[in-house]
Amino acid sequence: MSSVVAPAVDKKHAKPRLDGSASRAEQLLIRFHQIRNFTTALCANLEPEDCVVQSMPDVSPTKWHLAHTTWFFETFILKKWMPGYRAEIPEYAFLFNSYYNAAGAMHRRDLRGLISRPTVKEARRYRSSIDLHIDNLLSIADEKLLAEIEPILILGMHHEQQHQELLITDIKHVFSQNPLHPVFRERKIEETPAQTMPMRFVDFEETTVEIGHDGRGFAYDNESPRHRVLVSAFSLASRPVTNGEYIAFIEDNGYARTELWLSLGWMTVSEQGWQAPLYWTKRDGKWWNFTLSGFRPVDEDEPVTHVSYFEADAYANWAGARLPTEFEWERAAFDCSMEGNFVEGETFHPQPATQQAGSLSTETGKTPILLQVFGDIWEWTRSAYAPYPGYRAAPGALGEYNGKFMCNQYVLRGGSCATSHTHIRRTYRNFFQPEKRWQFTGIRLARDLR
């Protein structure tokens, strides 16, 4: 299977007018089509058979992602603001809703792979139809109407970028079930193999910091309100844990030592038979892993990924450290560059932590620099996912997260190689249940300062 092509931006909406006078509606449409076209580009080399498989309950078929992100714009924009709009296929509202309870009943998540119709071709036609309606709506919207539509349209675009990441991680799990080891994206071979930088710890003094989004630009509801938090002195590792370091944990019987594990984690390890990160297999005494570029030997210099919170916590215990809190992470990320290995780079895999790996020193004169704070892997924190103090839902707001997922979840920070650079923020709060491993999740260590 050939590699994924670069996103092809719709020429009709590709650029503002040459005189720089693109209207507000035109600018929104340019961004809208860039994001929609990138989703299409990610699927460019997938066959219809690839797009209908659901390999486990957490995975959604690619076809469902294509339709669900389209359903969002139809449901929350066209049905509300497009004069005389009527859904061509009303049943899509049931099939392609996810967790928006206020929008009506929905099909069971774990049964999405049983739905053969609409076909992939029909799902793509549905996307094109809704895109055209959005074009028409924004072309006739006056400034007052545009002001109402804009925040929901922007929310929908960020929602689609989330599903681009899910599409990538889901198709990886689908392909991993196939003994033919299909290739989603051909690997870019480096002329000189990169070696990771040594791990050191950067000290941070006790201080009171403001945590959360400051209200400028887009953010999800779970990033607010901004509030003050006392962060005690701590040390943070200069880079994430590597595959080689994690192999040392495995070889020291890390998966067989009960004292390293939370009780629920130990139960999960025992029931699931975990002996290594997801996608790892041992052949002839060597570890191999399945990647979106196919099946290949584990690179010991790359950050370890596809580990659960339970595994991250057990490794930290073994290493004589702990996981950072999300407030420590955000405090450390204040002055870090938001450069890194994101989905735009089309590697679809974590890279070794070199001097060029992204992020800068967090405090003047401090060495070593913090590497890979953004991109490559989502970093587990020890913080349970909960709303920030003082959160109140705005009347009529289309809430995305607060109050919907606050049960047995842990916060992750930083984005991954499947995250869009234009989607991530220092205040972005991702979250998963502690046993989940199919996302690009990894480990950065922390320590208390005494």
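Let me start with a single residue, L146, which lies in helix 5, and let me say at once that what we are looking at is a predicted model. Is L146 buried or exposed? Its relative accessibility comes out at 1%, and because the cut-off for buried is under 20%, L146 counts as buried. As for its surroundings, once residues up to four places away in sequence are set aside, L146 touches R24, A25, L28, L138 and A141. One of those contacts, L28, is 118 residues away from L146 in sequence, while the two C-alpha atoms are 9.9 Å apart in space.

From there I would like to move to helix 4, which covers residues 120-140. With 21 residues at 1.5 Å a residue, helix 4 should span 30 Å, and since its end C-alpha atoms are 31 Å apart, the model agrees with that expectation. Which residues of helix 4 are buried? They are V120, A123, Y126, R127, I130, D131, I134, D135, L137 and L138, so please note that L138, which we just met as a contact of L146, is on this list as well. When reading such a list, it helps to recall that an α-helix has 3.6 residues a turn, so residues three or four places apart point the same way. The buried residues of helix 4 pack against helix 1 (24-42), helix 2 (62-81), helix 3 (92-95) and helix 5 (143-176).

Next comes a helix pair further along the chain, namely helix 6, residues 243-251, and helix 8, residues 309-318, whose axes are 11 Å apart and which pack at an angle of about 80 degrees. That angle makes helix 6 roughly perpendicular to helix 8. On the side of helix 6 the contact is made by E245, Y246, A248 and F249, and on the side of helix 8 by E311, A314, Y315 and W318. Sorted by character, the residues of this contact divide into six nonpolar, no polar and two charged.

Now to the sheets, of which I will describe two. In one of them, an open sheet of three strands, the order is 1-4-12 and the pairing is antiparallel. Strand 1 (201-204) and strand 12 (446-448) are its edge strands, each of them pairing on one side only, and neighbouring strands are turned by 25 degrees against each other on average, with direction ignored. Strand 4, residues 234-237, runs antiparallel to strand 12 and is joined to it by three bridges, with F234 standing opposite D448. What packs on this sheet? Helix 9, residues 326-333, does so, touching strand 1, strand 4 and strand 12, and its direction makes about 75 degrees with that of strand 4.

The other open sheet of three strands has the order 5-6-7, again with antiparallel pairing. Here strand 5 (280-283) and strand 7 (294-297) stand at the edges with a single partner strand each, so one side of each is left without a neighbour in the sheet. On average, and ignoring direction, neighbouring strands of this sheet are turned by 30 degrees against each other. Strand 5 pairs with strand 6, residues 286-291, in the antiparallel sense over four bridges; within this pairing, K282 has W287 as its bridge partner, and W280 stands opposite N289. The hairpin of strand 5 and strand 6 has two residues between the strands, and in it D284 takes a positive phi near 50 degrees.

Note on methods: Residues numbered from 1 in each chain as written. Predicted model: local features only at pLDDT ≥ 70, side-chain atom pairs only at ≥ 80, totals over all residues. Heavy atoms only, no water. Pairing = 2+ DSSP bridges. Axes fitted to C-alpha atoms, helices over the stretch in contact; angles between N-to-C directions. Contact = heavy atoms within 4.5 Å. Expected span 1.5 Å × (residues − 1). Buried < 20%, exposed > 50% of the residue type's maximum accessible area, 1.4 Å probe, protein only. Parallel < 35°, antiparallel > 145°, perpendicular 65-115°, else oblique. Nonpolar A, V, L, I, M, F, W, Y, C, P; charged D, E, K, R; others polar.
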